Amino acid sequence: MSEDKQAAPLFDANQGKVLAEAALRSITASTARVRGDDFLRILVRDLARALDVTYVIAGRVIELDDGDQGIRTLAVWGGADYLPNMDYSLRHTPCQDVTEQCMCFHGSGIQADYPQDSLLVDMRAESYIGLPMIDTEGQVLGILSAIDTKPMSEDTRLLALSLLSIFGARGAAELQHQDREQQLESKVQRRTEALLAAQATLVEQEKLVALGALVAGVAHEVNTPIGVAVTAASTMSSYVDALNQCIGAERVSRSELQALAQRLREGSQLIERNLARAADLIGNFKQLAVDQGSQHVSEVTLRDHALSVVSAHGPELRKVGISVEVDIAPDLRSWLDAGRWSQVLSNLLMNAAKHAYPNGGPGKVTLAARMALEDGLRWLLFEFADDGVGLTPEARERVFEPFFTTKRGQGGSGLGMHIVYTIVHQMGGQTAVAASTPGAGCRIKLRLPVRDR
């Protein structure tokens with residue numbers, strides 16, 4: 001009899017070991033290829049089945065709005081299916097004991113042991129076992145607990161202790177991995193926002209640099225007609241002196257008076273023409289500067305607008321020997337943000353001046369535009385073409401990328417064409433390099449939706 005009594009516990013122990021190993025293999029196999037919340041959902045379901053309990057909860061320790069610690073459930077198995085996740089306070093619950101890094105087991109009478117825990121009442125809980133999920137630094141990240149509506153036997157306790165210990169460690173690793181991913185994502189987001197802010201600053205600086213170059217070019221261009229007008233005015237002053245002398249003489253010659261009058265007329269006409277030329281240059285520059293500083297949609301006569309932009313950039317274009325042909329119908333109009341459209345044309349022209357003719361001109365640039373009906377929508381189709389050196393295959397692929405430039409170290413910022421791309425897409429349009437091969441020039445097509453207002 002004594003031998004039989006000694007054999008029984010050995011059989012029970014072996015049987016428990018077999019059950020534990022079978023459960024371990026089964027749960028390990030079902031969770032091997034899943035991560036994060038999916039792992040926890042499968043885990044709580046399979047633990048409930050292996051332990052034959054009604055509830056299994058996996059939760060993360062959080063701070064509640066009132067400052068107390070709580071649990072935010074990540075996966076809850078409720079007997080037949082998953083239950084909705086929830087937040088609850090740790091105060092007066094068995095989970096509070098678990099978060100103090102200890103195993104908590106109540107084989108029966110759990111509601112009497114924690115009379116203030118209303119959740120246990122709602123669950124009709126009778127027994128409870130829970131273990132903390134602790135990270136590699138010894139911090140409790142969450143809990144893993146099994147709750148049943150009937151008492152929990154010693155065999156179940158031992159099996160639960162084994163399984164919860166093993167998979168609690170795996171759960172802690174998953175939570176720690178999630179925390180690190182979140183920290184990394186947060187860091188990447190902060191870095192990305194900083195880079196975008198820096199890029200936006202550089203783009204604005206590039207616009208100011210372009211406007212500064214435009215100011216310098218216009219100032220140089222305006223100096224010529226104003227200088228001619230000043231010279232003509234000075235010459236006219238000498239003609240006036242000669243006229244006074246002629247009038248004050250004893251004898252006045254009709255031919256001399258007519259000659260002086262003709263010279264005065266020619267001088268005034270010269271002054272008038274050159275001052276009008278200066279006024280046109282200043283007007284074009286003023287309109288371009290005002291447009292680029294505003295974001296106002298208005299009806300734009302596309303040919304006149306393009307000619308004004310070309311005129312404003314005249315000094316820079318002539319410096320490298322570029323002529324511009326504007327192939328746009330005089331009556332073609334569209335509702336556009338004139339300021340941003342001016343920036344697009346300016347950047348296209350200056351990109352050609354800087355890159356299309358590295359050895360200087362002569363060169364020819366063509367600006368063409370027309371309306372078209374595509375896919376039931378009206379579009380403004382704009383084409384920019386030059387007969388310069390063209391683009392290499394790499395440059396063609398990357399031409400609209402920010403900071404890409406073939407003039408690295410020679411004053412190129414790599415933002416000019418990126419600004420074109422950004423503005424056109426902000427306006428709801430599209431950009432494309434239509435054709436460009438080394439030595440055969442470059443053609444860039446833009447497509448903008450036509451607005452009625």
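User: Why is aspartate 68 called partly exposed?

Analyst: Aspartate 68 has a relative accessible area of 22%. Buried means under 20%, exposed means over 50%, and partly exposed is what lies in between (1.4 Å probe, protein chains only). Since 22% falls in that middle band, aspartate 68 gets the partly exposed label. A heads-up: this is a predicted model, where local features need pLDDT of at least 70 and side-chain atom pairs count only at pLDDT 80 or more, while totals for chains, interfaces and linings use all residues. Residues are numbered from 1 along each chain as its sequence is written, and side-chain values use heavy atoms, with hydrogens and water left out.

User: What makes aspartate 68 and arginine 91 a salt bridge?

Analyst: Their side chains meet at 2.9 Å, N to O. The rule asks for a side-chain nitrogen of Lys or Arg within 4 Å of a carboxyl oxygen of Asp or Glu, so 2.9 Å passes. The two partners are 23 residues apart and link distant parts of the chain: aspartate 68 is in the loop between β1 (55–63) and β2 (69–78), and arginine 91 is in the loop between β3 (87–89) and α3 (94–98). Those strands (E, at least two residues) and helices (H or I, at least four) are DSSP runs, numbered from the N terminus. Arginine 91 is partly exposed too, at 48%.

User: Which labels do arginine 45 and aspartate 46 get, buried or partly exposed?

Analyst: One of each! Arginine 45 is at 24%, so it counts as partly exposed, while aspartate 46 is at 11% and therefore counts as buried. They form a salt bridge as well, with the closest N and O atoms 2.9 Å apart. In the whole structure, the search finds 13 salt bridges.

User: How do you know that glutamate 174 and arginine 170 are about one helical turn apart?

Analyst: They are 4 residues apart in helix α6, so about one helical turn separates them. Their side chains meet in a salt bridge of 3.3 Å, N to O. Glutamate 174 is buried because its relative accessibility is just 3%, whereas arginine 170, at 25%, is partly exposed. Both also belong to a network of salt bridges with Arg35.

User: What makes the link between aspartate 337 and arginine 340 a polar contact?

Analyst: Their side chains are joined at 3.0 Å. A polar contact is a pair of N or O atoms within 3.5 Å; within protein, one must be able to donate a hydrogen and the other to accept it, and residues adjacent in sequence count only if both atoms are side-chain atoms. At 3.0 Å, the pair makes the distance cut-off, so the name fits. Aspartate 337 lies in strand β9 (residues 333–337), and with a relative accessible area of 5% it is buried.

User: Which residues of helix α12 are called buried?

Analyst: In α12 (residues 416–426), they are Gly416, Met417, His418, Ile419, Val420, Ile423 and Val424. After the helix comes glycine 428, whose phi is positive, near 85°.

User: Where is isoleucine 226, and why is it called partly exposed?

Analyst: Isoleucine 226 is found in helix α6 (residues 154–248). Its relative accessible area is 32%, so partly exposed is the right label.
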